[in-house]
Amino acid sequence: MRAIVALLVVSLASPSVSISDRWASPVLRSGIQCTPAMHLKGGCGFLGVYGSTLDHNTLRMKILQLSRTIRHRGPDGSGIHMIPLEKDVPGSRISALGHERLAIVGAMDDPQERKEARVGDHQRLHTLSGNQPLFSHDRSAALAINGEIYNHEKLKPLLKDKTDFRTKSDCEVVVHLYKERGDEVASLLDGDFAFAIAGDKGEFYAARDPMGVDSMYMGWGADGSVWFASEMKCLVTECKKIEQFPPGHYWSHKTKQLVRYYNPKWFGFEAAQQKLNLDLIRTTFVEAISKRLMTDVPYGVLLSGGLDSSLVASCVVKMCDLAGKPRPATFSIGLKGSPDLFNARKVADMLGTEHHEFHFTVQEGIDAVQDVIYHLETYDVTTIRAGTPMFILARKIKAMGVKMVLSGEGADEELGGYLYFHKAPNAQEFHEECVRKLQGLYLYDCLRANKATMAWGLEARVPFLDKDFLDVVMNLDASFKMIKKGEKEQFIEKWVMREAFNKPDSKGEIYLPKEVLFRQKEQFSDGVGYDWIDGLKAHANRVVDDTMFAFREHRFPYNTPGTKEAYFARSIFESFYPDETCIKTVPGGPSVACSTAKAVEWDEAWKQAAAAGSMLDQSGRAVDVHDSAAKCF
């Protein structure tokens with residue numbers, strides 16, 4: 001998914017805005033902060049361990065030391081909590097939670113309190129009410145969490161204990177729900193999250209959101225301890241085995257096993273029987289965006305000029321207009337003359353935003369690759385290609401004081417937007433490939449979006465992966481998603497999404513011009529400029545000679561690289577993460593233009609190439625339906 005322009009909304013320092021309303025916001029020309037919903041919490045990094053044999057002081061120092069490796073995810077505060085599995089038992093194993101906080105939600109919510117706060121009264125203005133760990137009312141359970149709980153207000157009435165919450169954090173409800181509902185808690189949440197809870201009676205519970213929007217790993221120590229963390233780099237020195245924590249699962253001390261809690265009916269093809277309802281698609285998507293505008297800090301929208309990011313930007317601008325707020329500025333990145341820069345400006349002009357462009361060169365991208373691989377913790381070629389410009393842009397966005405962005409990940413997986421979907425032989429194959437792509441998102445695009453932004457303390461939110469929206473588009477009869485080239489309907493990938501917004505809004509205004517609404521899919525690593533991929537390949541060909549490449553199976557027996565570009569990426573990855581258990585957290589297998597291995601079978605030429613051991617190209621240009629972006633307008 002190409003989403004690489006930040007649409008930034010910031011507070012304007014004007015006489016009509018009190019200092020207490022604008023204390024955290026930088027100044028741009030564009031206007032007042034547009035925040036249709038005003039609550040706070042934050043993206044962060046966390047670390048947890050269950051049942052360590054280390055003594056209290058040694059483990060505490062260990063948690064502090066390891067937490068520093070993810071401080072980039074949460075530069076606004078730190079916290080730690082230690083709990084013995086057995087109280088008053090000398091030598092008891094210990095559980096611990098560490099947390100690095102990025103403050104997004106938790107600032108003062110009461111407008112009157114804001115008004116009355118003294119200038120410079122940072123403690124009152126920011127309250128640190130979301131500092132972690134968060135505790136149950138009796139302090140018997142502690143929570144360390146990275147994420148947002150969008151239905152937190154709806155969950156509060158479900159609690160039997162009506163004691164007032166200690167904080168304004170949307171995540172505090174999680175620890176109270178756990179105390180009353182136990183292992184059921186993850187299934188009750190609507191949001192993006194990765195968390196761990198430790199109790200004073202030896203309880204431990206960890207869970208990850210349904211699609212894996214927020215990064216999470218788990219590992220096993222030599223002493224039988226079990227570790228959980230936002231990023232793998234926390235675990236490499238302590239764990240003999242490391243895996244990515246699977247989305248839609250929880251782990252409990254009761255069984256010490258992973259349990260799937262998210263199992264929607266649309267995982268099976270038989271459930272995809274709903275008739276097309278364009279109004280439902282549109283309204284559910286708009287609501288998904290509205291949920292994610294829960295912030296007290298300057299935020300933006302990643303915009304590439306493609307369909308997905310443009311729709312997000314258009315909807316946000318309309319919400320700002322409805323709220324009587326100025327339209328926000330837009331920011332883009334790409335090589336000079338790239339398709340994304342051209343299309344982003346076209347969308348920005350249509351939306352009436354103040355637009356700024358950032359450029360990077362091929363050499364600057366190559367220079368950043370080492371840092372990208374360290375932070376993304378992958379050697380997957382496509383993820384690195386797309387992650388590099390996103391990583392560069394995230395740094396620029398954060399430098400402007402922005403802490404949260406909306407992004408378009410997930411649209412191509414749920415709607416069949418990649419160009420290889422043109423080859424799908426029937427509706428069942430189409431639907432099942434969408435399911436496979438969604439189930440694997442945490443290994444690729446979600447991993448990229450989360451870590452490329454959080455490397456700089458910037459949080460990305462993804463409305464296309466909203467649970468309610470997923471149910472609408474994935475329960476849809478997949479025949480409506482099939483591409484029927486030359487027909488009046490379904491003549492282009494993601495036609496249902498395009499057509500849902502191919503009508504005026506309540507004011508009679510369009511969402512997007514047709515040349516944007518019906519622009520062909522352009523993968524992000526292509527859209528920032530075709531020379532980026534070509535230049536990266538050329539660099540890899542220079543630094544990996546033929547002799548090195550000929551012996552690649554001996555150096556890399558697992559997931560042996562099929563190209564010099566893949567060899568180059570793998571070499572850098574293993575310089576940071578040489579252990580076999582880390583290497584095996586990255587998937588492999590044949591793929592073309594981001595397909596799964598199963599979809600390679602849709603085309604005889606792809607199938608034969610894969611059987612011969614040839615490495616298929618991951619660029620969208622590898623599919624024969626691709627149009628050069630220069631011909632799109």
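This passage describes a sheet, its neighbouring helix, and the aromatic and charged contacts of a predicted model.

We can begin with the sheet. Six strands form an open sheet in the order β3-β4-β2-β10-β9-β11, and their pairing is antiparallel. At the edges lie β3 (77–84) and β11 (239–244), each of which pairs on one side only. On average, neighbouring strands of this sheet are turned by 15° against each other, direction ignored. The pairing of strand β9 (residues 217–221) with β11 can be followed in some detail: the two run antiparallel and are joined by five bridges. Within this region, W220 has K241 of β11 as its bridge partner. Helix α2 (residues 56–67) lies across four strands, namely β2 (44–52), β3, β4 (94–101) and β10 (226–229). Relative to β4, helix α2 runs at about 30°.

Aromatic contacts come next, and the structure holds 32 aromatic pairs. A pair of this kind is described by the distance of the ring centres and the angle of the planes. For Y178 and Y205, the centres are 5.3 Å apart and the planes make an angle of 40°, a tilted arrangement. Y178 belongs to helix α6 (residues 172–181) and Y205 to strand β8 (residues 204–208), so this pair ties together parts that are 27 residues apart in sequence. Y178 is buried, with a relative accessible area of 8%, and Y205 is buried too, at 0%. The rings of W266 and F267 offer another geometry: their centres are 5.1 Å apart and their planes stand at 90°, so the pair is edge-to-face. W266 counts as buried, because its relative accessibility is 0%. Ring pairs also build a cluster, which links Y50, F204, F228, F245 and W251.

Rings meet charges as well. The charged end of K233 sits over the ring of Y374, at 4.8 Å from the ring centre. K584 lies over the face of Y558, and here the distance to the ring centre is 5.5 Å.

Turning to charged pairs, the count comes to 36 salt bridges. One of them joins the side chains of K179 and D138, with 3.7 Å from N to O. This pair links distant parts of the chain, as K179 lies in helix α6 and D138 in the loop between β5 (134–135) and β6 (141–149), 41 residues apart. K179 is partly exposed, with a relative accessible area of 38%. Helix α6 thus holds both K179 and the ring of Y178 described above.

A salt bridge between E565 and R385 brings its closest N and O atoms to 2.8 Å. E565 lies in helix α23 (residues 564–576) and R385 in helix α12 (residues 381–399), so that distant parts of the chain, 180 residues apart, are linked. Both ends count as buried because their relative accessibility is low enough, at 8% for E565 and 3% for R385. R498 and E493 form a further salt bridge, where the closest N and O atoms are 3.7 Å apart, and both of these residues are buried.

Finally, salt bridges join R73, E231, K233, E377 and K451 into a network. K233, a member of that network, is also the residue whose charged end sits over the ring of Y374.

Conventions. Residues are numbered from 1 along each chain as its sequence is written. This is a predicted model: local features need pLDDT of at least 70, side-chain atom pairs count only at pLDDT 80 or more; totals for chains, interfaces and linings use all residues. Side-chain values use heavy atoms; hydrogens and water are left out. Two strands pair if DSSP finds at least two bridges between them. Axes are lines fitted to C-alpha atoms, for helices over the stretch in contact, and angles run from 0 to 180 degrees between N-to-C directions. Contact means heavy atoms within 4.5 Å. Rings of Phe, Tyr and Trp (its six-membered ring) pair if their centres lie within 6.5 Å; planes under 30 degrees apart count as stacked, over 60 as edge-to-face and the rest as tilted. Buried means under 20% relative accessible area, exposed over 50%, partly exposed in between (1.4 Å probe, protein chains only). A charge sits over a ring if NZ of Lys or CZ of Arg is within 6 Å of the ring centre and within 35 degrees of the ring normal. A salt bridge is a side-chain nitrogen of Lys or Arg within 4 Å of a carboxyl oxygen of Asp or Glu.
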